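Hi everyone, thanks for coming. Today I'd like to walk you through one small chain together, so let me put it up on the screen.

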Amino acid sequence: MAKDVICGMKVSENTDLKSNFQGKTYYFCSSHCKAEFDKNPLKYTR
């Protein structure tokens, strides 16, 4: 299980809701969380 860096929920790594940033894959529970991450990934990866 991975952790959604936006809301903190645990999510399956089999989801299509994911983004790659600086060589790492991030997984999301919803399209809203993915869109929020994609707007400013640096904010959530520090």
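How many helices and how many strands does the secondary structure of the chain come to? The chain has 2 helices and 4 strands. Before we go further, please keep in mind that this is a predicted model.

If you follow the chain from the N terminus, the elements come in the order β-β-β-β-α-α. There are 46 residues in the chain, and buried ones make up 28% of them. Lined up along the principal axes, the C-alpha atoms fill a box of roughly 20 × 20 × 15 Å. One more number for the overview: take the contacts between residues at least 6 apart in sequence, and 21% of those join residues at least 24 apart.

Now let's go inside. Which residues make up the largest nonpolar core? It has 6 members, namely Phe21, Tyr26, Phe28, Cys33, Phe37 and Tyr44.

Let's pick Phe37 from that list and stay with it for a moment. Its relative accessible area is 1%, so Phe37 is buried, the cut-off being under 20%. Who does Phe37 touch, once we leave aside neighbours within four places in sequence? The contacts are Val5, Ile6, Ser19, Phe21, Tyr26, Phe28, Tyr44 and Thr45.

Some of you will have spotted the rings. A search of the whole structure turns up 4 aromatic pairs. In one of them, Phe28 and Phe37 sit 5.1 Å apart, centre to centre, with 45 degrees between the planes, and the pair is tilted. Both Phe28 and Phe37 are buried. What about Phe37 and Tyr44? Their ring centres are 6.4 Å apart and their planes meet at 35 degrees, so this pair is tilted too, since tilted covers planes that are neither under 30 degrees apart nor over 60. Put the ring pairs together and you get a cluster linking Phe21, Tyr26, Phe28, Phe37 and Tyr44.

Next, have a look at strand β3, which covers residues 18-21. Which of its side chains are buried? Ser19 and Phe21 are, and they point to one face, while Lys18 and Asn20 point to the other face and are not buried. So here the side chains alternate along the strand.

Strand β3 has a partner. It runs antiparallel to strand β4, residues 24-27, and 4 bridges join the two. Within this pairing, Ser19 stands opposite Tyr26 in β4. Together β3 and β4 form a hairpin with 2 residues between them, and Gln22 in the turn has a positive phi of about 50 degrees.

Let's visit two loops as well. Ile6 is in the loop between β1 (2-3) and β2 (10-11). Is Ile6 buried, exposed or something in between? At 24% relative accessible area, Ile6 is partly exposed, because that class lies between the limits of 20% and 50%. Not counting neighbours within four places in sequence, Ile6 is in contact with Phe28, Cys33, Glu36, Phe37 and Tyr44. Along the chain, Ile6 and Ser31 are 25 residues apart, and their C-alpha atoms are separated by 11 Å.

The other loop residue is Thr15, between β2 and β3. With a relative accessible area of 19%, Thr15 counts as buried, because the limit is under 20%. The side chain of Thr15 reaches the backbone nitrogen of Leu17 at 3.0 Å. Residues up to four places away aside, Thr15 touches Tyr27 and Phe28.

Finally, let's talk about charges. Side chains of opposite charge can pair when their charged atoms come close. How many salt bridges does the structure hold? There are 2.

The first I'll show you is between Asp38 and Lys34, where the closest N and O atoms are 2.7 Å apart. Asp38 and Lys34 are 4 residues apart in helix α1, residues 31-39, so about one helical turn separates them. Asp38 has 38% relative accessibility and counts as partly exposed.

In the other salt bridge, the side chains of Lys39 and Glu36 meet at 3.3 Å, N to O. These two residues also lie in helix α1, 3 residues apart, which is about one turn of the helix. Lys39 is exposed, at 66% relative accessible area, whereas Glu36 is partly exposed, at 22%.

That's my tour. Thanks for listening!

Technical notes. Residues are numbered from 1 along each chain as its sequence is written. This is a predicted model: local features need pLDDT of at least 70, side-chain atom pairs count only at pLDDT 80 or more; totals for chains, interfaces and linings use all residues. Side-chain values use heavy atoms; hydrogens and water are left out. A nonpolar core is a set of buried Ala, Val, Leu, Ile, Met, Phe, Trp, Tyr and Cys residues joined through side-chain atoms within 4.5 Å. Buried means under 20% relative accessible area, exposed over 50%, partly exposed in between (1.4 Å probe, protein chains only). Contact means heavy atoms within 4.5 Å. Rings of Phe, Tyr and Trp (its six-membered ring) pair if their centres lie within 6.5 Å; planes under 30 degrees apart count as stacked, over 60 as edge-to-face and the rest as tilted. Two strands pair if DSSP finds at least two bridges between them. A salt bridge is a side-chain nitrogen of Lys or Arg within 4 Å of a carboxyl oxygen of Asp or Glu. A polar contact is a pair of N or O atoms within 3.5 Å; within protein, one must be able to donate a hydrogen and the other to accept it, and residues adjacent in sequence count only if both atoms are side-chain atoms.
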